[in-house]
Structures are given as structure tokens and as C-alpha cells.
Amino acid sequence: MPHAFLYTANPARVVFGLGSQARIADEVRQLGRTRVLVLSTPSRREDAERLNLQLGELGAGVFSEAAMHTPVKVTEQAMTAFDKAGADCIVALGGGSTIGLGKAIAYRNDAPQVVVATTYAGSEVTPILGQTENGRKTTVKDPSILPEVVIYDPELTVGLPVAVSVTSGLNALAHAVEGLYAKDRNPISSLMAMEGIRSLKQALPAIVEQPQSLQARSDALYGAWLCGTVLGSVGMALHHKLCHTLGGSFDLPHANTHAILLPHTAAYNARSAEEALAPAAALFGGELGGGLYDFAASLGAPLALKALGLSESDLDSVADQAVQNPYWNPRPVEREAIRELLQRAWNGTRPE
Ligand code: NAD
């Protein structure tokens, strides 16, 4: 019998499956909205324009300046575009950067969001928004931030480059691994975490082998949804804190940073969270940190922070920031041990 627990579900409508992109207009109408601003990153502008046309009279325009870590300056431009277009609804087409922009708008004007998720980052199912201003990343959590509708159509992800698919998938795994040992974990979040890990463990090698495989793409999106849901419902710890620091203060790319750090943070917490991590460890050869490292290496993922342009002299500052503002982690966050962890991740050495 489980121990006493608290379980809070984030209310959202999820439309999953091949061809579900055809439902976007219906979902907007069901929300009672009539004018959509379509959001994307600059590189996905053409797709966003096409979607805006497909939406017919619902399409009010495109704003394609979404950027990683949600700069407040870009959000302000998007708010102006939203008002100018007379929009009353957001459709975010893309990954966490585009979704982050949609959330930032909704946080300010409470516009409903239909998200068409095309990476595995999981932001679409969380009420969390990270924004950057003056080189600092801050996080807010609010019900207005949670997207109302999420559409997962595997067909829209076959063009996601293999390298991005791999790092994004490892980013999703990181949510689930931290979810397994979260202080406020519950039987449902742990079920979702394990199902998400299993699904991605199967999907990512299949995507590397055959990027066009709709089965593999579907499995990966399913896993990403589950892992994202875990991120949105329980508290994260050391791993997310370190990635947050590296992304916000050193502008490192989000998914790559997660991919590189995950084996090391899993190894750091392995002993202190042995029981909670046991089912995941069993999937990765019995030892989670090393197993995740080997898995990432087999997928061709980046393994060393130095390859992302972080200088070795910054590691002390990252370690200092990691121990500031104490937060819960299964193993105490000790500066020297964190500095060692960071050195290994910087070098790209397999965790012990
Ligand atoms: P991203 O959204 O920046 O996408 C990576 C690149 O892939 C972009 O250039 C994008 O245009 C491109 N791309 C996306 N989908 C594509 C497709 N189907 N085909 C081809 N190219 C495609 O990356 P991400 O890792 O998804 O998101 C990172 C951001 O999300 C960070 O800012 C991070 O902080 C945030 N995030 C937030 C949460 C949350 O809960 N608040 C969770 C996860 C990530």
C-alpha cells in the first residue's frame, strides 16, 4: 500500500496522434476564440505562415521571433503584435522556446493557448515559465501559464534533426529521473516517469536509426508528454537547478546542457535515492549514471560541457551558484562534490 501522498493534476486537454494537426482550428473554436496569433522561432517561420493560412479566417498573423530562455524583450514585442493583430488566442507551433513565448504572453494577458509541440522538452504541460532579463533567468509558476490544449502530431516531428531529437529526448528523461526521487513524488508521477523513460529509451535509438519512422516519433512524443507531465507536477532538484544556472547565467543551449549533465546528476544522487531510482537503474544496466552516459554516447549526444563553449574557469562560479539558496535534493548539495561533478561533466568523463 502506498504511503500517504498528494497528487495534483494540471488540467489540460491533450490531443495525441497522427493527423491531429487537422484539429487545431476546431480546438480554437471550442475555446470560443476567433483570432489566432501563431508563434514560432525564426527558423520555423514558413511552417507558421502555412498554419496561419490553413486557419483561414481564424488566422490573425504570425510572430516568429521566439528565442531560447524567453527574453522579456521579445515577449514585449510579441505583446504588441498580439494587440495589433486583434488576437484573442495563441497557437504556439514549436518546442520549448516558442511555447515559452506563448506562456509569457498568457501570463500577462491570460490569452488561451493551443500548443502544437514539436520537440520533447515538455514545457507544454507545465504551469512554469522561465524568463530572462539582464542576464538572469527567473521562474514563475501560475495557472494562467498552463496551456489549455496540447496537440501532439508525430508527423510534425519527423523533420526535427536527429541531434536535436536526441538532446531533447534526454532533456525529457531528466524530468522523469528527477521526478522519481522528487520529495513530493507520488505513485502516479512515478508511474508516468517510468512509462516515459521506457518509451524514450526505446524511441531514441530508433530515431537515430530511422529519423522518419512515425512509430519511433510517436513513442518519443508519448514519452515526452509523460516526462513533461512529471516536470509539471512534482518538484525538481539538483539537475534542473544546475541546468537553470548554466542556461540562465552562461547562455548554454537548454537541451544539450540537460543531455550532458543528466548522467552526472543521476550518479550524484544514485546512492541517496537508491530505492526510488531502482526501476530506472534496472533499465540502464543496473547503474543509472554510467548507464545513462553509455546510452547518450550510443546516440551520439554531446558529452562534455567544454564543447558547448563553457570555460573551465566558470566552473567555480557555477558551483557557488548551485549551493546558494538551499533547495531539496536527495543528497545534500555540497560545494566540493558539486565542483567535482561539474569538472567531470566539463571533461565529458563517464561518471563513476
Ligand atoms: P527549442 O524550442 O529552442 O527548439 C530547438 C530548435 O529546433 C529551434 O531552432 C526550433 O526552431 C527547432 N525546431 C523545433 N521543432 C522543430 C521541428 N519539428 N523540426 C525542425 N526544427 C524544429 O528547444 P527546446 O529544447 O524544445 O526548448 C528549450 C526552451 O524551453 C528553453 O528556453 C527552456 O528553458 C524551455 N523549457 C521550459 C520548460 C518549462 O516547463 N517551463 C520545460 C522545458 C523547456
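**Helices beside the ligand.** A helix here is a DSSP run of H or I with at least four residues, numbered from the N terminus. This is a predicted model, in which local features need pLDDT of at least 70, side-chain atom pairs count only at pLDDT 80 or more, and totals for chains, interfaces and linings use all residues. Residues are numbered from 1 along each chain as its sequence is written, and side-chain values use heavy atoms, without hydrogens or water. Look for helix H4 (96–109) and helix H9, each of which supplies at least two residues of the shell around the ligand. H4 gives the largest share of this shell, with three residues.

**The shell around the ligand.** How many residues surround the ligand? There are 23 (each with a heavy atom within 4 Å), and the closest are Thr-41, Ser-97, Thr-118, Thr-119 and Thr-126. Sorted by class, the shell has twelve polar residues, eight nonpolar and three charged; Gly counts as polar here.

**Polar atoms facing the ligand.** Three pairs of N or O atoms within 3.5 Å are worth finding in this view. At Thr-118, a polar side-chain atom lies 2.6 Å from a nitrogen atom of the ligand. Gly-96 takes part through its backbone, where a polar atom is 2.8 Å from a ligand oxygen. His-254 places a polar side-chain atom 3.4 Å from an oxygen atom of the ligand. On its own the ligand has 860 Å² of accessible area (Shrake-Rupley method, 1.4 Å probe), and the protein covers 86% of that area.

**A ligand between two domains.** Where does the ligand lie? Domain 1 (13–157) and domain 2 (162–347) both give residues to the shell, so the ligand lies between them. The domain bounds come from an automatic or database assignment.

Technical notes
Polar contact = N/O pair within 3.5 Å; in protein donor to acceptor, adjacent residues only side chain to side chain.
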